[in-house]
Amino acid sequence: MFKFIQLCKPRLPRVACSFSSSATRSDPQTAGIAFKFTALEKDHSDSPAKDSEAANTKTRAGQTSPGIAYENAQYATKLFPNKPYHPSQLNAGYTGKPFTLIPRKARQKDPFVLMGINPLKEYKNTLMLSSFVTEMGKIKPRYQTGLSAKSQRRVAKAIRRARSFGLIPVTSKFDHEASARMFKIR
Amino acid sequence: MPLYELVCISRAKMTQGSMKDLLKKSALTVLDRGGAVRGFVNIGREQMLPYRMKRHMEYHTHGSFWLMHYFSNPKTSQVLLDQLKLDARVIRCNVVKVTDKLSQMVNTDESL
């Protein structure tokens with residue numbers, strides 16, 4: 001996964017994008033937010049005889065002002081002109097990835113480790129097991145539960161055991177309210 | 001002898017006498033073979049099962065959940081399971097070994 005990201009270099013020269021509110025009034029076309037593109041890599045446009053790509057870039061960028069890139073340009077979101085973006089892609093922390101991988105500190109925050117409980121012994125605890133299961137009854141993956149690998153394995157085994165013993169449903173979550181209602185009626 | 005836990009789902013529509021008989025039968029199976037019964041726990045009487053189960057040529061949607069904790073040797077545990085599986089009043093039964101270690105079975109606190 002990471003190799004793919006490294007190999008995938010953008011073909012266009014990297015540009016920094018700055019949002020300047022001052023330019024909105026002057027530019028009738030981009031009413032709202034104005035995008036100021038400044039080239040981060042060396043400007044090859046001085047030699048017109050070389051790549052046609054560079055020439056295209058210049059014309060595509062339109063009103064690039066060569067010279068000053070703003071301060072933290074390397075951390076800027078790389079946005080390209082004439083490319084449609086979803087509003088969520090303009091958010092500050094947008095990475096394009098569906099989830100962040102767990103750093104290797106899961107054992108410090110694992111509730112079973114902190115309380116000294118073996119989750120496999122809690123196979124009868126349907127209320128607890130339900131919190132590790134989706135609405136469809138599927139066991140939640142580790143990046144959603146945030147458990148350590150050991151705890152995750154044990155919780156999964158407890159859930160499989162409870163399913164086999166007939167304590168929790170397989171294709172849904174155990175409805176505690178409904179069962180409590182039934183118990184009251186009895 | 002290790003401590004075992006029997007998790008049993010029995011038929012919902014049973015008379016109290018019949019239920020008592022079932023519990024007594026399972027306890028006697030252990031006791032007759034040199035084991036000891038620690039106790040019974042009721043998890044739910046006439047609860048709706050999480051999914052439909054088929055046993056003894058019948059579909060069941062409701063059942064009574066109960067546990068039995070007992071000490072025995074592994075062979076007795078197997079015999080108990082075999083006997084209960086033949087019983088028509090039982091929908092599903094499973095045995096789990098709780099522990100082998102004495103410290104986990106009993107309270108070894110000398111102050112008591």
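Trainee: Starting with Lys25(B): buried or partly exposed?
Mentor: Partly exposed, with a relative accessibility of 29%. Keep in mind that this is a predicted model.

Trainee: Which residue forms a salt bridge with Lys25(B)?
Mentor: Asp87(B) does, and the closest N and O atoms are 3.0 Å apart. The two sit in distant parts of the chain, 62 residues apart. Lys25(B) is in helix 1 of chain B, residues 16-31. Asp87(B) is in the loop between helix 2 (74-86) and strand 4 (90-99).

Trainee: And Asp87(B), buried or exposed?
Mentor: Buried, because its relative accessible area is 7% and the cut-off for buried is under 20%.

Trainee: Which residues are in the salt-bridge network with that pair?
Mentor: Asp21(B) and Arg89(B) are linked with Lys25(B) and Asp87(B) in a network of salt bridges.

Trainee: How many salt bridges does the structure hold?
Mentor: There are 7 over all chains. One of them is Lys124(A) with Glu5(B), at 2.9 Å between the closest N and O atoms. Lys124(A) lies in the loop between helix 4 and helix 5 of chain A, and Glu5(B) in strand 1 (residues 3-11) of chain B, so this pair joins two chains.

Trainee: How exposed is each partner there?
Mentor: Lys124(A) is partly exposed at 28%. Glu5(B) is buried at 5%.

Trainee: What about Arg11(B), what does its side chain meet?
Mentor: Glu58(B), in a salt bridge of 3.0 Å, N to O. Arg11(B) is in strand 1 and Glu58(B) in strand 3 (residues 58-71) of chain B, so the bridge ties together parts 47 residues apart in sequence. Both partners are partly exposed: Glu58(B) at 33%, Arg11(B) at 26%.

Trainee: New topic. How many aromatic pairs are there?
Mentor: The count is 4 over all chains. Among them are Phe112(A) and Phe132(A), with ring centres 5.7 Å apart and planes at 35°, so this pair is tilted.

Trainee: Where do those two lie?
Mentor: Phe112(A) is in helix 4 (residues 111-115) of chain A. Phe132(A) is in the loop between helix 5 (126-130) and helix 6 (142-145). That pair ties together parts 20 residues apart in sequence. Both residues are buried.

Trainee: Last one. Which residues gather in the positive patch?
Mentor: Arg107(A), Lys150(A), Arg153(A) and Arg154(A), on the surface. Helix 7 of chain A, residues 149-165, gives the most to the patch, with 3 residues. Lys150(A) is found in that helix.

Trainee: How exposed is Lys150(A)?
Mentor: Partly, at a relative accessible area of 43%. Patch residues need over 30%, so Lys150(A) clears that cut-off.

Terms used: Residues numbered from 1 in each chain as written. Chains lettered and ligands numbered in written order. Predicted model: local features only at pLDDT ≥ 70, side-chain atom pairs only at ≥ 80, totals over all residues. Heavy atoms only, no water. Patch = residues over 30% accessible without salt bridge, like charges linked within 9 Å, V, L, I, M, F, W, Y side chains within 5 Å. Areas by Shrake-Rupley, 256 points an atom, 1.4 Å probe, with all protein chains shown as cover. Salt bridge = Lys/Arg side-chain N within 4 Å of Asp/Glu carboxyl O. Lys, Arg positive; Asp, Glu negative; His and termini not counted. Charge placed at Lys NZ, Arg CZ, Asp CG, Glu CD. Helix = DSSP H or I, 4+ residues; strand = E, 2+ residues; numbered from the N terminus. Buried < 20%, exposed > 50% of the residue type's maximum accessible area, 1.4 Å probe, protein only. Phe/Tyr/Trp six-rings, centres within 6.5 Å; stacked < 30°, edge-to-face > 60°.
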